[in-house]
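Work through the exercises below with the sequence and the structure at hand. Each task is followed by a solution in steps.

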Amino acid sequence: MTLTPQIRPVSAADAGRLVELNARCSERAQYFRFHAPKPRLRAVEADYLAGVDGRGGVALVATVIEDGEERIVADARFDLAGDGDAEAALLIRDDFAGRGLGTQLLGHLLELAPGLGVHRLLLDILADNTAMLALARRVGAEPVAFDGRSVLYAVSTVR
Ligand SMILES: CC(C)(COP(=O)(O)OP(=O)(O)OC[C@H]1O[C@@H](n2cnc3c(N)ncnc32)[C@H](O)[C@@H]1OP(=O)(O)O)[C@@H](O)C(=O)NCCC(=O)NCCS
């Protein structure tokens with residue numbers, strides 16, 4: 001059965017679900033998200049990620065009901081970085097990747113960003129992350145910096 005994820009803002013009660021999301025992603029996906037090995041999300045990290053209050057940024061989750069439980073299958077967020085910039089990141093559970101969810105979530109972030117005074121979303125993408133590079137280019141992001149390991153892409157939120 002194909003489940004259609006529901007998208008909603010993250011809540012403080014989601015910390016455990018975010019730990020589970022990370023645990024159910026491949027090492028490669030974890031690495032692409034955090035730019036470092038991240039086999040387990042620590043409780044303090046999960047609390048931080050679940051605590052976005054809408055002032056310092058936006059965090060959306062996509063959820064499905066599995067075995068009678070609500071589970072998070074994707075997380076997409078941006079944190080304000082000053083001067084009209086915000087840094088965005090996404091994590092889609094592997095079995096939900098490649099179905100358009102990343103495109104949909106990034107689209108929502110781009111719609112919400114101007115309301116928080118964000119003119120530019122930044123995406124720090126490891127150079128071999130072909131899926132995220134494709135997604136960034138699809139929304140019109142352009143490379144603005146390269147540190148030898150990752151490429152910083154920027155996309156204007158003013159359409
Ligand atoms: C990168 C990621 C967010 C993409 O989300 P997604 O839901 O899988 O992407 P979509 O289905 O919306 O597809 C987006 C683009 O990626 C491409 N893509 C998807 N999976 C791919 C794969 N495994 N290899 C190559 N390209 C892929 C799609 O073809 C599409 O490109 P197009 O617009 O040229 O057709 C998701 O795979 C993920 O969470 N990866 C691990 C964490 C990560 O890389 N986070 C980004 C940190 S900035």
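## Exercise 1: The shell around the ligand

α2 (27-34), β4 (85-92), α4 (101-112), β5 (120-126) and α5 (130-138) each give at least two residues to the shell around the ligand. The model is a predicted one.

Task: Find how many residues surround the ligand, and which are the closest. Then find which element supplies the largest share of the shell.

Solution.
- Step 1. The ligand is surrounded by 23 residues, and F32, A97, G102, T103 and A131 are the closest.
- Step 2. α5 supplies the largest share of the shell, six residues.
- Step 3. Sorted by class, the shell holds 14 nonpolar, six polar and three charged residues.

## Exercise 2: The sheet

Task: Write down the order of the strands in the open sheet, and explain why β1 and β6 each have one side without a neighbour.

Solution.
- Step 1. The sheet is open, has seven strands with mixed pairing, and its order is β1-β2-β3-β4-β5-β7-β6.
- Step 2. β1 (6-9) and β6 (142-146) are at the edges with a single partner strand each, so one side of each has no neighbour in the sheet.
- Step 3. Direction ignored, neighbouring strands of this sheet are turned by 30° against each other on average.

Task: Describe how β1, β2 and β3 are joined, starting from the pairing of β1 with β2.

Solution.
- Step 1. Four bridges pair β1 with β2 (residues 57-66) in the antiparallel sense; R8 stands opposite V61 in β2.
- Step 2. β2 and β3 also run antiparallel, joined by ten bridges, and I65 has E70 in β3 as its bridge partner.
- Step 3. The two strands β2 and β3 form a hairpin with two residues between them, and D67 in the turn has a positive phi of about 50°.

Task: State how many bridges join β5 to β7.

Solution. Seven bridges join β5 to β7 (residues 150-156), and the two strands run antiparallel. R120 stands opposite S156 in β7.

## Exercise 3: Helix α1 and the core

Task: Determine which strands of the sheet α1 touches, which of its residues are buried, and what covers them.

Solution.
- Step 1. α1 packs on the sheet and touches β3 and β4; the directions of α1 and β3 make an angle of about 95°.
- Step 2. In α1 (residues 15-23), the buried residues are A15, R17, L18, V19, L21 and N22.
- Step 3. The cover over these buried residues includes α2, α3 (43-50), β3 (69-82) and β4.
- Step 4. L18 is also among the residues with the most contacts inside the largest nonpolar core, together with A74, L109 and L121; this core has 43 residues. Its largest share, six residues, comes from β4.
- Step 5. Leaving out residues up to four places away in sequence, L18 touches L41, A46, L49, A50, I72 and D75.

## Exercise 4: Two loop residues with positive phi

Task: Locate H35 and D83, and decide how exposed H35 and D83 are.

Solution.
- Step 1. Most residues other than glycine have a negative phi.
- Step 2. H35 is not a glycine, yet has a positive phi of about 60°; D83, also not a glycine, has a positive phi of about 55°.
- Step 3. H35 lies in the loop between α2 and α3, while D83 is in the loop between β3 and β4.
- Step 4. H35 has 15 other C-beta atoms within 10 Å, so H35 is partly exposed. D83 has 9 other C-beta atoms within 10 Å and is therefore exposed.

Notes
Residues are numbered from 1 along each chain as its sequence is written. This is a predicted model: local features need pLDDT of at least 70, side-chain atom pairs count only at pLDDT 80 or more; totals for chains, interfaces and linings use all residues. A residue is near a molecule or strand if its C-beta atom, placed from the backbone, lies within 6 Å of it. Ala, Val, Leu, Ile, Met, Phe, Trp, Tyr, Cys and Pro count as nonpolar, Asp, Glu, Lys and Arg as charged, and the others, Gly among them, as polar. A residue is buried if 20 or more other C-beta atoms lie within 10 Å of its own, exposed if 12 or fewer, and partly exposed in between; C-beta atoms are placed from the backbone. Two residues are in contact if their C-beta atoms, placed from the backbone, lie within 7 Å. A nonpolar core is a set of buried Ala, Val, Leu, Ile, Met, Phe, Trp, Tyr and Cys residues joined through C-beta atoms within 7 Å. Two strands pair if DSSP finds at least two bridges between them. Axes are lines fitted to C-alpha atoms, for helices over the stretch in contact, and angles run from 0 to 180 degrees between N-to-C directions.
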